[in-house]
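Here are a few short exercises to work through with the viewer open. Try each one before reading its solution.

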Amino acid sequence: MTTPNEKSPAKIALLRHMKALCEANREIILASLCTTDGFPISCFSISDLRNQADKFAAMSSTLSALSDSSATQMKQGKCDITIVEATSGNILFVKTDYIGKPCVLTVVAQNRMTLAEARYKTKKLMGEIAAISE
C-alpha cells in the first residue's frame, strides 16, 4: 500500500484529527494509524510511545486480523472493534478507511477514561479519518 508523503493535505488532516483527540483528552496517550499489513501511516502520542510506531503498527495489524479471523470462524460476523483491557488502561483497535484504503486505528487510553468514553471517542475519530480524501 502506498501512503501519501508527510506533507500531503490528507496526511496533515489526519495528524490534525489525531492531535486534537489527544490534546482534548489527556487520558488518551496515543493515536496511531497503520495499514492492514502493518506499516505505520501516522502516530501521535503525548508520551514517549511515539518512538515505537513501527512496533505498534505491526501489533495493531496482527491483532486486528486475528480478531477478524476469530469472529468469522466463530460465526459472529464482522469484527468491529478489538479492545485490550490492561491494568493501566485500554487499547482499542478499529478498522477504518483512510483515503479509500483499509487501515487500523489504534487508540490507547489510560484507565481514568471509561471504556465507553474511549470507545465513543475512538469511533468518532474513525469517522473523521474515513472522511479524509486526497
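**Exercise 1.** In which strand is Ser-32 found, and is Ser-32 buried or exposed?

*Solution.* Keep in mind that this is a predicted model. Start with the location: Ser-32 sits in strand β1. Next, check the accessibility, which comes out at 2% relative to the reference. The cut-off for buried is under 20%, so Ser-32 counts as buried. Finally, look at what's around it: skipping neighbours within four places in sequence, Ser-32 touches Met-18, Ser-42, Cys-43, Val-104, Leu-105 and Thr-106.

**Exercise 2.** Work out which residues of helix α3 are buried and what covers them.

*Solution.* First get the geometry: α3 runs over residues 115–130, 16 residues in all, and spans 22 Å from first C-alpha to last, close to the 22 Å expected at 1.5 Å a residue. Then list the buried ones: Ala-118, Lys-121, Thr-122, Leu-125 and Ile-129. These cover an arc of only 105° around the axis, so they lie on the same side of α3. Now flip the helix over: the face turned away from the buried side carries exposed Ala-116 and Tyr-120. Last step, the cover: it includes α1 (9–24), β1 (28–35), β4 (89–98) and β5 (101–110).

**Exercise 3.** Which residues form a nonpolar patch on the surface together with Val-84?

*Solution.* Place Val-84 first: it belongs to strand β3, residues 81–85. Its relative accessible area is 30%, so Val-84 is partly exposed. Its patch partners are Leu-63 and Leu-66, and the three together have about 220 Å² of accessible area.

Conventions: Residues are numbered from 1 along each chain as its sequence is written. This is a predicted model: local features need pLDDT of at least 70, side-chain atom pairs count only at pLDDT 80 or more; totals for chains, interfaces and linings use all residues. Side-chain values use heavy atoms; hydrogens and water are left out. Helices (H or I, at least four residues) and strands (E, at least two) are DSSP runs, numbered from the N terminus. The expected span of a helix is 1.5 Å times one less than its number of residues. Buried means under 20% relative accessible area, exposed over 50%, partly exposed in between (1.4 Å probe, protein chains only). The arc is that of the directions from the helix axis to the C-beta atoms. Contact means heavy atoms within 4.5 Å. Patches are made of residues with over 30% relative accessible area and no salt bridge: like charges are joined within 9 Å, nonpolar side chains (Val, Leu, Ile, Met, Phe, Trp, Tyr) within 5 Å. Accessible areas come from the Shrake-Rupley method with a 1.4 Å probe; for residues, only the protein chains shown count as cover. A salt bridge is a side-chain nitrogen of Lys or Arg within 4 Å of a carboxyl oxygen of Asp or Glu.
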